[in-house]
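Here are a few short exercises to work through with the coordinates open. Have a go at each one before reading its solution.

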Amino acid sequence: MGRYVIRRLLQFIPTVVGAFFLLHYMVSAGIQLRGNPARAFFGERTPSPEMLAAVKRLFNTDDPCLAQEGNPLHPFNPCLGLFVERMGNVAVGDFGTDYRGRLVTDIFLSAAPVTLRLALIAILTEIGIGVLAGVLAGLRSGGFIDYVVKISTVLAIAIPVFVLGRMVQLSIVPFARWLRDNGASDDVMGLVAVTYKLDYPWLSLVIPGIVLGVLGLATTARLTRTSLMENLRADYVRTATAKGMPQRRVIGVHTLRNSLIPVVTNLGYSFGVLLGGAVVTESIFNVPGIGGVVIRSVRFNEGPVVVSMVTILVIVYLVVNLIVDMLYAVLDPRIRYD
Amino acid sequence: MTDIQSAGPLGQPGPLHGEATSLPPGDGPSTERNASLWADAWRELIRNPVFVLSSVAVLAVMSMALAPWLWTSLDPQDCEIELGRQGPGGGHFFGMTKDGCDMYASVIYGSRPSIAVAVLATLGVVLVGILTGILAGYYGRWVDAIISRVVDIVMGLPFLLGAITLLALWRKREWYAVVAVLIVLGWPLVTRIMRASVLATKNMDYVQAARSLGASDLRIITRHVLPNAIAPVIVVATIALGSYVAAEATLSFLGVGLRPPTVSWGVLITHGTQWALSPGHAYLLLVPAGLLVVTVLAFILMGDALRDALDPKLR
């Protein structure tokens with residue numbers, strides 16, 4: 001186990017550096033092709049050269065390799081010096097400020113708890129319903145439930161989250177009105193609210209969380225189903241049945257435990273999908289989380305803030321993946337020895 | 001070039017449609033040629049109602065994108081702003097868009113940018129993916145090491161977050177920027193699949209035979225490895241087409257995709273989401289979103305059917 005952990009940690013470093021370089025390179029190429037985002041700070045007004053230079057310095061985009069004129073490798077100068085500098089900044093937790101001078105790390109930390117709650121509800125939905133649907137479908141492959149699960153998972157993949165979110169809101173509005181007219185309590189009204197309510201930090205996130213969870217639910221259900229069906233054919237299941245073990249225990253303990261390994265592995269990947277989906281869901285339900293901040297920065301043309309926020313999210317994503325990989329090694333001892 | 005004899009049952013020229021025409025009607029005794037993977041797959045697919053239905057839907061959508069005038073005689077740019085958001089009725093069965101254009105005509109003409117972005121992105125992803133996948137799988141060693149590392153790194157970037165970042169800095173939302181970003185973030189998936197498929201094909205007896213007969217690498221790759229390793233990529237490409245149609249809409253919704261005056265499904269749905277919650281305007285969302293969902297669904301189901309037909313393990 002120790003050797004596996006060390007090897008995985010060593011692989012982690014080039015992946016992180018590589019992902020950052022990819023982001024940095026594409027961002028630099030974008031600036032070289034499209035002009036400095038600091039220009040957007042002034043909107044329609046034309047700033048004096050000194051002011052423009054000052055703002056460029058403020059957002060750390062004053063490096064000559066980002067310039068459009070007099071740049072030797074334009075527009076594909078990789079700006080290696082700037083990359084090293086940025087990595088240094090990231091290492092000490094400096095992600096710059098937004099256009100109002102607020103630290104990006106502060107913005108991130110103040111928005112993080114909301115997104116964390118949203119993600120938690122989504123993951124619970126994804127695992128709870130996804131695994132249950134997958135098990136029911138896998139036990140009777142070709143049966144009615146299998147058919148229903150198959151159709152609903154394909155539908156869940158085909159409907160974009162933002163369409164699903166609006167459609168859920170559309171169908172909830174008349175229901176909520178009916179509840180209010182019949183004197184429902186405030187808690188119930190918080191639950192069926194179509195936007196985030198500060199007074200109900202958990203309840204008003206339930207519906208957005210479920211919508212977000214649907215995104216990964218289909219994959220979880222399908223994985224569970226395939227994996228369960230494969231394991232049901234395994235020798236150890238036959239042995240367990242042959243020695244007279246009750247069916248409930250054969251499936252509930254022996255088969256399920258082994259079937260869930262690929263599902264756990266998939267959680268790392270689906271966390272990345274979740275991060276992207278959170279941007280969409282938070283925008284639909286007006287949730288003031290990290291995704292909401294990203295979208296607001298996009299709308300206000302605050303390019304540097306988007307890059308910093310996404311950089312932090314990528315770190316979180318890669319760390320989660322690392323943890324999932326470790327968990328995988330704990331669950332399935334076979335992979336430690338390859 | 002077309003020496004079918006030397007290709008024999010190994011290298012099948014012209015996947016799918018080439019076999020379709022040579023297929024004998026009914027259940028006649030199959031010739032050796034028809035026992036190939038593609039012919040078997042075709043015979044299975046044509047009897048699969050899901051595949052037939054989804055390919056009819058795909059063909060319909062494709063014809064909308066290529067020749068929208070076949071579907072409507074109305075001009076999508078013939079708009080009256082005072083008719084904006086007028087519900088269905090009065091000669092406009094699907095109502096009017098936000099800008100007072102006929103919704104049906106807008107949706108039909110809106111398929112072109114959406115489908116164009118998806119098709120171009122898929123083509124790009126498949127081309128880059130096949131090329132890098134073959135290089136990594138066939139040549140192995142350091143070529144493989146480099147390509148596989150780059151693939152790992154690009155896949156370490158969550159798709160939607162990466163796309164938002166890149167397009168946010170682009171600021172002007174031209175269609176080619178969207179296509180470029182989809183390709184840059186999407187190719188590693190195809191590379192992985194192609195590489196695995198090439199690795200499995202490379203050690204087949206017929207490839208060894210060709211090599212011992214002195215065939216060049218280029219010939220082995222184009223005549224033996226590629227035709228036999230490409231099936232999984234076709235499946236993934238079909239599904240990717242659907243997901244890129246959805247991705248265009250999502251990016252437009254987030255404000256980083258296509259923008260008016262371009263009228264794509266994404267742009268129409270985005271207008272729909274802004275108005276859907278006000279009473280009587282739900283159709284602004286439901287009409288374009290409905291067509292989008294049907295299209296995405298058709299591509300996914302078609303890909304699933306292709307996978308079932310092309311995977312010999314399931315037989």
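**Exercise 1.** Work out the accessible surface of chain B and what share of it belongs to carbon and sulfur atoms.

*Solution.* Bear in mind that this is a predicted model. Start with the total: chain B exposes about 14,600 Å² of accessible surface. Then split it by atom type, and carbon and sulfur take 67%. Now turn to the residues: chain B has 315, and 50% of them count as buried.

**Exercise 2.** Describe the secondary structure of chain B and say how its contacts are spread along the sequence.

*Solution.* Count the elements first: you get 13 helices and 0 strands. Reading along the chain, then, you just meet one α after another. Next, take the contacts in chain B between residues at least 6 apart in sequence; 69% of these join residues at least 24 apart.

**Exercise 3.** Characterise the interface of chain B and chain A, from its area down to its salt bridge.

*Solution.* Begin with area: the two chains bury about 3,800 Å² between them, with 81% of that on carbon and sulfur atoms. Chain B puts 42 residues into the contact, and chain A puts in 49.

Now look for polar links. There are 2 residue pairs in polar contact, both residues at pLDDT 80 or more. The rule also finds 1 salt bridge across the interface: D304(B) pairs with R222(A), their closest N and O atoms 3.4 Å apart.

Finally, see which elements of chain B take part. Those giving two or more residues are α6, α7, α8, α11, α12 and α13. The top contributor is α13(B), with 10 residues. Sorted by class, chain B's side has 32 nonpolar, 5 polar and 5 charged residues.

Methods: Residues numbered from 1 in each chain as written. Chains lettered and ligands numbered in written order. Predicted model: local features only at pLDDT ≥ 70, side-chain atom pairs only at ≥ 80, totals over all residues. Heavy atoms only, no water. Helix = DSSP H or I, 4+ residues; strand = E, 2+ residues; numbered from the N terminus. Buried < 20%, exposed > 50% of the residue type's maximum accessible area, 1.4 Å probe, protein only. Contact = heavy atoms within 4.5 Å. Areas by Shrake-Rupley, 256 points an atom, 1.4 Å probe, with all protein chains shown as cover. Buried area = accessible area lost by both parts, 1.4 Å probe. Salt bridge = Lys/Arg side-chain N within 4 Å of Asp/Glu carboxyl O. Polar contact = N/O pair within 3.5 Å; in protein donor to acceptor, adjacent residues only side chain to side chain. Nonpolar A, V, L, I, M, F, W, Y, C, P; charged D, E, K, R; others polar.
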